[in-house]
Amino acid sequence: MSESLGWLAALSRQKLEHDVTTISKRDFLRLLGFGASTLGLQSMLGSFAFAQDGALPGWAALPDGAVPKTGGKLVYAQTYPNWAVGTSDNGKHPYYWIDLLTRSVWNSLVWVDHDYNLQGELAESWAATDETLKVWDFKLREGVLFHNGKEMTSDDVVASFNAHIAQKGSSFITKWFEKIEAQGPYAVRFTLNAPYAEWPYALAEYRLVVVPAAEPDVIFTDGIGTGPFKLVEVDNRRGFKAVRNENYWLTGRPFLDELEGYVVNSQTAINGFRSGQFNAVFNIDPTTAGQYETDGGIIHKSAGGDQFLIALPKNLDIAWNDPRVRLAVSLSIDRQAINSIVYNDPGTWVGNDTQMSGLNAEFLARDKAYDVEAAKKLLAEAGYANGIDLPPIVFSPSFPEMPRIMAIVVESLKKGGINMEIREMPTDGFDAYVKSVNEPYGRPSAGVVGPRNAAINLGRMVANEQEKGAWTGESADAFAKLYAETIAEPSAEKRLGMYQELQRIIQSDTPAIVLGGRRNMLAHAPTVKNLKSHSQNWSSRFDDVWIES
């Protein structure tokens, strides 16, 4: 690795570069997308209208009154690294990108925006060919260039997805994928092995990027994509350096000349922001927001974020094999206290013991999320009138506030007569430790689940062995049957009701405890404009960010 990357020591000797020039009024109006046709929903299956040639998609429009400037460098810190980085020495591979924010260098076919709407990225439109929902056609954008100057065509998309399947890039697509075929140079057809009404959402995952076609042993290894920045240097355990892609398919973007990102801990991020080493920090500890603001920082808070899930393996001889005990655990956790104490957001949404997020339109809250007296009554019915001792649960602090959340959980449980230790472990080796006991379900543990659409969120309780923790019985069988019927249903209106019934089934049996979502938060300098924290952390973008002089 050359020393030109600088890393953290050298950053202290750098001054952030804010040499910028104002774009013309004509370019500004064009960048706002005047004259563009926004992507409109064509059918209940989710197909979208084609964008006009040469026009920016509607989702790329800037805020009203914005006058972006070009030039400058964004240097950001990230406190949430990609857990996979330690398994590969090739940081140019999107699976091992330092912080999951792959859209700095690559693009996917589609993107989930800040309001959870599905938007076209490298795909202009998509639709199921019929109501069997097993064949999906995607129209690709024309004229998109890779960083090496090669035009992206259907051959690249086909090669990329065949490689994603071979390399097990995402469990959200491997279960359904049968094949992908080119339909001319600018269209592809996915054939699935089962109906899946929400297939396009699965293609928005941060790993499922499109790269130039190559042999299976070298594809994904060169860091070349279609994204707003071209990779210059990378150390996948520490950081990267990239420069503006002058041929980016979003005309006039990005505004920045350079982008650098570094993985650091929470305190290093604060110190780096204070000293001017970083002009933005992703995933700040919520309790440190005031420190950033004291130093002139501006806080952007997303509507939601990852949820903390407590997995309860139920094939062991443990008291929570009784669903009354599991529900008592859930009702004893004061999740509003978590919102108030940790996030300073009293009265906002709490988890409903499914992997659904409060941001999902289909979200169905529990009738009562916190009820200590009801919890005690359930324990008494289960034979534990004097309280209960439960085995310890382990967790690794994916986010800086997680230890404080778990401390609130422990104290809440005590009020319901439940004694449970929740033990912190380092990230290194955590997954292996959890899986090493009681395979394939693992030992009792707490982890995070990212917010996605209803089909993916609820599908975890069918496909993810660790999260469902050997959930069996009538409720589990009913859930699996209804889930298969739901994702095969062409009508979005009917799916809405079915998704809510799926949540009722889970809530009746409480196979896992889901506390609720964190609020993804970032801090940035006042000169940084239009940088946003995304509820799906990995869906953050850099192509519409600029720096004022």
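These legends walk through a few close-up views of a predicted model.

**View 1. The largest nonpolar core gathers around a handful of well-connected residues.** This core has 62 residues, and L109, F138, V157, F161, F190, W199 and L203 are the ones touching the most other members. Grouping like this fits a general trend: in soluble globular proteins, nonpolar side chains tend to be buried together. Pick out F161 and look at what it meets beyond its neighbours within four places in sequence: L109, I173, I180, F190, L203 and L208. There is also a second, separate core, this one with 40 residues, including Y80, A337, L379 and I405.

**View 2. Here's the largest cavity, holding about 70 Å³ of space.** It is one of three cavities of 30 Å³ or more in the structure. Which residues are closest to the centre of the largest cavity? They are I338, N339, L515, G516 and G517, out of 13 residues that line it. Two elements, α9 (335-341) and β21 (512-517), each give two or more residues to this lining. Sorted by class, the lining has seven nonpolar, three polar and three charged residues.

**View 3. D89 and R237 reach each other across a long stretch of sequence, 148 residues.** The two form a salt bridge, with their closest N and O atoms 3.3 Å apart. D89 sits in the loop between β3 (73-78) and β4 (110-112), while R237 sits in the loop between β10 (229-235) and β11 (239-244), so the pair ties together parts far apart in the chain's numbering. Buried or exposed: which is D89? It counts as exposed, because its relative accessibility is 70%, and over 50% is the cut-off. R237, at 43%, counts as partly exposed.

**View 4. R519 and D345 make a salt bridge between two buried residues.** The N to O distance is 3.4 Å. R519 belongs to the loop between β21 and β22 (521-524) and D345 to the loop between α9 and α10 (372-381), so this pair links parts 174 residues apart in sequence. R519 has a relative accessible area of just 3%, and D345 has 15%.

**View 5. D322 pairs up with R324 in another salt bridge.** Their closest N and O atoms are 2.8 Å apart. D322 is buried at 19% relative accessibility, whereas R324 is partly exposed at 32%.

**View 6. Four charged residues join in a network of salt bridges.** The members are R103, E121, R541 and D543. Across the whole structure, a search finds 31 salt bridges.

Key: Residues are numbered from 1 along each chain as its sequence is written. This is a predicted model: local features need pLDDT of at least 70, side-chain atom pairs count only at pLDDT 80 or more; totals for chains, interfaces and linings use all residues. Side-chain values use heavy atoms; hydrogens and water are left out. A nonpolar core is a set of buried Ala, Val, Leu, Ile, Met, Phe, Trp, Tyr and Cys residues joined through side-chain atoms within 4.5 Å. Buried means under 20% relative accessible area, exposed over 50%, partly exposed in between (1.4 Å probe, protein chains only). Contact means heavy atoms within 4.5 Å. On a 1 Å grid over the protein atoms alone, a cavity is a set of points where a 1.4 Å probe fits but cannot get out, and a pocket is an open set with protein on both sides within 12 Å along at least five of seven lines; lining residues have an atom within 4 Å of a point. Grid points are joined across faces, edges and corners, and a volume is the space filled by probe spheres set on the points. Helices (H or I, at least four residues) and strands (E, at least two) are DSSP runs, numbered from the N terminus. Ala, Val, Leu, Ile, Met, Phe, Trp, Tyr, Cys and Pro count as nonpolar, Asp, Glu, Lys and Arg as charged, and the others, Gly among them, as polar. A salt bridge is a side-chain nitrogen of Lys or Arg within 4 Å of a carboxyl oxygen of Asp or Glu.
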